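New to this one? Take a moment to turn the model around, and then we'll walk through it piece by piece.

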Amino acid sequence: MIDDGTELLTIGELARTTGLTVRTIRYWSDEGVLTPVTRSAGGYRLYDAESVARLELIRTLRELGLGLDAVRRVLADETTVAQVAAAHVSALDAQISSLKVTRAVLSTVARRGSTAEEMTLMNKLARLSAAERRRIVEEFLAEVFDGLDTADPDIRTRLRFHTAHLPDDPTPEQVDAWVELAELIQDPDFRTLMRAMVEFNAADRGPEVPAGTSLWFMSRLIQLAGEALRAGTAPDSPAADGVLRGLLGDADRAAVLDRLTAAANVRVARYRELSAVLNGLEPAAGHEREFAWVVAALRAHPDR
């Protein structure tokens with residue numbers, strides 16, 4: 001403290017009082033956010049009690065992540081602390097969202113043991129804009145349904161729901177799911193598989209058939225196969241042939257077998273699982289046992 005009755009503090013004394021380093025205080029002074037009250041005869045910077053309070057405010061704002069420009073504007077009364085805080089919250093939200101994406105990508109890379117090229121692709125997919133993600137989904141749907149006007153419209157609706165857009169504030173798991181789903185729906189082999197499923201539907205459905213009939217058929221299949229499983233009916237038994245007749249009537253069993261084999265594909269099942277994560281839902285039951293029973297029954301009883 002200067003011994004001239006003014007109770008001014010040297011920069012060293014200010015550092016000891018506040019717990020900050022001399023280097024930090026000197027830097028903030030050089031940047032114009034902590035102006036010395038005066039200088040000593042020897043040219044040393046001197047500060048007063050108000051400087052201590054100002055320094056505490058500067059430290060708090062800096063610890064909260066504000067830049068020196070924002071600190072300078074608060075101290076100059078060009079803006080309020082509340083206004084700066086609100087703007088900083090928005091910036092932090094964006095940063096947190098970006099960090100979630102980064103974490104999800106790195107977690108996926110670590111889990112998969114990905115190469116540098118694969119990591120680059122995943123990072124690109126994760127950081128696509130909403131418009132770019134929508135374009136990928138629309139291209140997928142267009143290729144799957146192109147020219148298949150008689151396909152059940154409920155199938156298109158469900159596929160569009162399954163490829164839901166990444167939420168504005170996604171969890172790391174949702175980012176991870178989106179990256180894998182985006183890779184999947186851009187895979188030519190997967191698109192061919194999904195189109196084959198829709199072609200099966202369109203081939204035996206006339207324009208007069210109500211929407212949702214395909215979904216009703218799958219529900220009926222799961223119900224009857226479940227009852228057969230609970231009753232212990234073997235797929236190759238005569239009773240199983242009766243179940244198939246009740247389910248399919250005179251339909252071409254070979255065509256139904258092809259359709260169910262495609263629908264039970266593990267990649268289709270994974271597609272459903274990923275869509276559930278994206279939509280924030282519990283994964284729907286896959287009914288693997290019911291589908292497997294019907295497939296086995298169709299193979300054991302191929303004739304109508």
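What follows is a tour from the overall picture down to a few single residues.

**The big picture**

Keep in mind that this is a predicted model. The protein has 304 residues, and 38% of them are buried. Its secondary structure comes to 15 helices and three strands. Among contacts with a separation of 6 or more, 67% link residues that sit 24 or more positions apart in the sequence. The accessible surface adds up to about 17100 Å², and carbon and sulfur atoms hold 54% of that.

**The cores**

In soluble globular proteins, nonpolar side chains tend to be buried together. Here, the largest nonpolar core contains 33 residues. Phe140, Val144, Leu159, Ile185, Phe190, Met194 and Tyr271 have the most contacts inside it. Helices 5, 6, 7 (130-145), 9, 10 (188-203) and 14 (266-278) each chip in with at least two residues of this core. Helix 9 gives the largest share, eight residues. There's also a second, separate core of 21 residues, with Leu9, Trp28, Leu55 and Ile58 among them.

**The little sheet**

The three strands form an open sheet in the order 1-3-2, with antiparallel pairing. Strand 1 (9-10) and strand 2 (38-39) are at the edges with a single partner strand each, so one side of each has no neighbour in the sheet. Strand 2 and strand 3 (residues 45-47) run antiparallel and are joined by two bridges. Across that pair, arginine 39 stands opposite arginine 45.

**Helix 5 and its surroundings**

How far apart should the ends of helix 5 be? This helix covers residues 81-112, which makes 32 residues, and at 1.5 Å a residue the expected span is 46 Å. The end C-alpha atoms are 45 Å apart, so the model agrees with the expectation.

Several residues of helix 5 are buried: Val84, His88, Val101, Ala104, Val105, Thr108 and Val109. The helix's buried residues pack against helix 4 (68-75), helix 6 (116-126) and helix 9 (172-185).

Now look at what comes just before it. The loop between helix 4 and helix 5 holds aspartate 77 and threonine 79. Most residues other than glycine have a negative phi. Aspartate 77 is not a glycine, yet its phi is positive, about 60°. Is aspartate 77 buried or exposed? With a relative accessible area of 69%, aspartate 77 is exposed. Threonine 79, on the other hand, is buried, at 12% relative accessibility. Its side chain makes a polar contact of 2.8 Å with the side chain of glutamine 83. Setting aside neighbours within four places in sequence, threonine 79 also touches Arg73, Val74 and Val84.

At the other end, just after helix 5, glycine 113 has a positive phi of about 70°. Further on, methionine 119 is part of helix 6. Beyond its neighbours within four places, methionine 119 is in contact with Val105, Val109 and Ser114. Methionine 119 is 13 residues from leucine 106 in sequence, with their C-alpha atoms 8.0 Å apart.

**Two more residues worth a look**

Glutamine 174 belongs to helix 9. A polar atom of its side chain lies 3.2 Å from the backbone oxygen of leucine 278. Not counting residues up to four places away, glutamine 174 touches Leu166, Pro167, Val277, Leu278 and Gly280.

Over in helix 15 (residues 288-300) you'll find valine 294. Which residues does valine 294 contact, leaving aside its neighbours within four places in sequence? They are Leu221, Ala225, Leu244 and Leu260. Valine 294 and alanine 240 are 54 residues apart in sequence, and their C-alpha atoms are 8.7 Å apart in space.

Here is how exposed these single residues are:

| Residue | Relative accessible area | Class |
|---|---|---|
| Aspartate 77 | 69% | exposed |
| Methionine 119 | 32% | partly exposed |
| Threonine 79 | 12% | buried |
| Glutamine 174 | 10% | buried |
| Valine 294 | 2% | buried |

The cut-offs behind the class column are simple: buried is under 20%, exposed is over 50%, and partly exposed falls in between. That's why methionine 119, at 32%, counts as partly exposed.

Definitions and conventions. Residues numbered from 1 in each chain as written. Predicted model: local features only at pLDDT ≥ 70, side-chain atom pairs only at ≥ 80, totals over all residues. Heavy atoms only, no water. Helix = DSSP H or I, 4+ residues; strand = E, 2+ residues; numbered from the N terminus. Expected span 1.5 Å × (residues − 1). Buried < 20%, exposed > 50% of the residue type's maximum accessible area, 1.4 Å probe, protein only. Contact = heavy atoms within 4.5 Å. Polar contact = N/O pair within 3.5 Å; in protein donor to acceptor, adjacent residues only side chain to side chain. Core = buried A, V, L, I, M, F, W, Y, C linked by side-chain atoms within 4.5 Å. Pairing = 2+ DSSP bridges. Areas by Shrake-Rupley, 256 points an atom, 1.4 Å probe, with all protein chains shown as cover.
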